[in-house]
Amino acid sequence: MSSLPQQKWTRKSSLASLGAMPSGNTAKGQHTRARILSGAIELLLEQGTGTVTLDEIRARTETSKSQLFHYFPDGKEQLLLEVAQHETERILQRIHDGAGPLTTRQAWRRWRDQMLKQHDRHGEACPLYILASHLAAATPGEKAVVSQIIHQWNNSIRRDIEQMQSAGEVAHSVDASKIASAITAAVCGGTTMTAITGSPQHLTDALDYALNQLSI
């Protein structure tokens with residue numbers, strides 16, 4: 001595939017634009033939009049947000065300029081916002097999957113074991129580390145999207161802990177908000193250290209310390 005000439009793409013975007021963009025209500029339109037998003041994700045994970053151009057995304061996805069701006073009318077920043085949202089939701093959902101609602105000690109132990117097994121197996125391929133490293137040069141909008149999703153995940157953990165408190169499985173003296181923040185930080189920070197060192201020991205220690213506060 002021949003490379004396209006580089007040019008400057010500038011269109012103003014904001015978080016609000018995510019809800020106003022064309023959705024591609026035909027099957028063909030949905031397929032084209034998904035192909036653009038998938039190609040953008042591949043390039044951004046390969047190169048980072050600071051260097052990828054819309055011309056490269058067009059070349060990777062075999063789409064025209066008019067097609068790209070039909071589905072992403074605000075250009076690159078709007079597309080990056082969707083990438084950040086899509087990837088963060090996917091990663092955090094994968095972290096949460098498998099254990100069901102974290103409202104019992106058994107569910108927490110199962111989730112903890114799955115987390116450590118996954119990162120012991122994948123090591124440097126830790127998806128949270130990849131996402132975080134590429135967001136180092138991200139736009140404020142991208143960071144806001146990721147921050148919002150992590151905040152939602154943190155609140156979900158807090159609610160699970162509060163449900164355990166209501167069921168008498170966790171003492172009411174435990175600060176559910178602080179423990180939820182500690183668990184979130186243990187996962188995000190621990191997975192980063194796993195990628196850097198090649199060992200899940202930091203993740204293991206941080207996660208166990210946080211869960212010990214719940215007597216798990």
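Student: In this predicted model, do Arg58 and Asp55 count as buried or exposed?
Tutor: The cut-off for buried is under 20% relative accessible area. Both Arg58 and Asp55 fall in that class. The answer for the pair is buried.

Student: How far apart are the N and O atoms in the salt bridge of Arg58 and Asp55?
Tutor: Both residues lie in helix α2, three residues apart, about one turn of the helix. Their side chains meet in a salt bridge. The N to O distance is 3.3 Å.

Student: How many of the eight residues of α2 are buried?
Tutor: The buried residues of α2 are Leu54, Asp55, Ile57, Arg58, Ala59 and Thr61. The helix is largely enclosed by the rest of the structure because so many of its eight residues are buried. The count is six.

Student: What relative accessible area does Thr61 have?
Tutor: Thr61 sits in helix α2, which covers residues 54-61. Buried means under 20%. Thr61 counts as buried because its value is 3%.

Student: Which residue has its backbone oxygen 2.7 Å from a polar atom of the Thr61 side chain?
Tutor: Leave aside the neighbours within four places in sequence, and Thr61 is in contact with Arg35, Ile36 and Gly39. The polar atom of the Thr61 side chain has a backbone oxygen 2.7 Å away. That oxygen belongs to Ile57.

Student: Which residue just after α2 takes a positive phi?
Tutor: Helix α2 covers residues 54-61. Just after α2, phi is about 55 degrees at one residue. That residue is Glu62.

Student: How many residues apart in sequence are the parts tied together by Arg33 and Glu82?
Tutor: The side chains of Arg33 and Glu82 meet in a salt bridge of 2.4 Å, N to O. Arg33 lies in helix α1 and Glu82 in helix α4, so the pair ties together parts of the chain at a sequence distance of 49 residues. Both residues are buried. The separation asked for is 49 residues.

Student: Which helix holds the partner of Glu169?
Tutor: Glu169 forms a salt bridge with Arg105, with the closest N and O atoms 4.0 Å apart. Glu169 lies in the loop between α7 and α8, so the pair ties together parts that are 64 residues apart in sequence. Glu169 is partly exposed at 23%, and Arg105 is partly exposed at 22%. The helix of Arg105 is α5.

Student: Which residues are linked in a network of salt bridges?
Tutor: The model has seven salt bridges. A network of them links three names. These are Arg112, Asp113 and Asp208.

Student: What angle lies between the planes of the aromatic pair?
Tutor: The count comes to one aromatic pair. Trp108 and Trp111 form it, at 5.3 Å centre to centre. Both are buried, and both lie in helix α5, three residues apart. The pair is edge-to-face, with planes at 90 degrees.

Student: How far apart in space are Glu89 and Val145, C-alpha to C-alpha?
Tutor: Glu89 lies in helix α4 and is partly exposed at 40%. In sequence, Glu89 and Val145 are 56 residues apart. In space, the distance is 9.9 Å.

Student: What share of the chain's residues counts as buried?
Tutor: The chain has nine helices and zero strands. Its accessible surface comes to about 11,100 Å², of which 52% belongs to carbon and sulfur atoms. Of its 216 residues, the buried share is 46%.

Methods. Residues numbered from 1 in each chain as written. Predicted model: local features only at pLDDT ≥ 70, side-chain atom pairs only at ≥ 80, totals over all residues. Heavy atoms only, no water. Phe/Tyr/Trp six-rings, centres within 6.5 Å; stacked < 30°, edge-to-face > 60°. Helix = DSSP H or I, 4+ residues; strand = E, 2+ residues; numbered from the N terminus. Buried < 20%, exposed > 50% of the residue type's maximum accessible area, 1.4 Å probe, protein only. Polar contact = N/O pair within 3.5 Å; in protein donor to acceptor, adjacent residues only side chain to side chain. Contact = heavy atoms within 4.5 Å. Areas by Shrake-Rupley, 256 points an atom, 1.4 Å probe, with all protein chains shown as cover.
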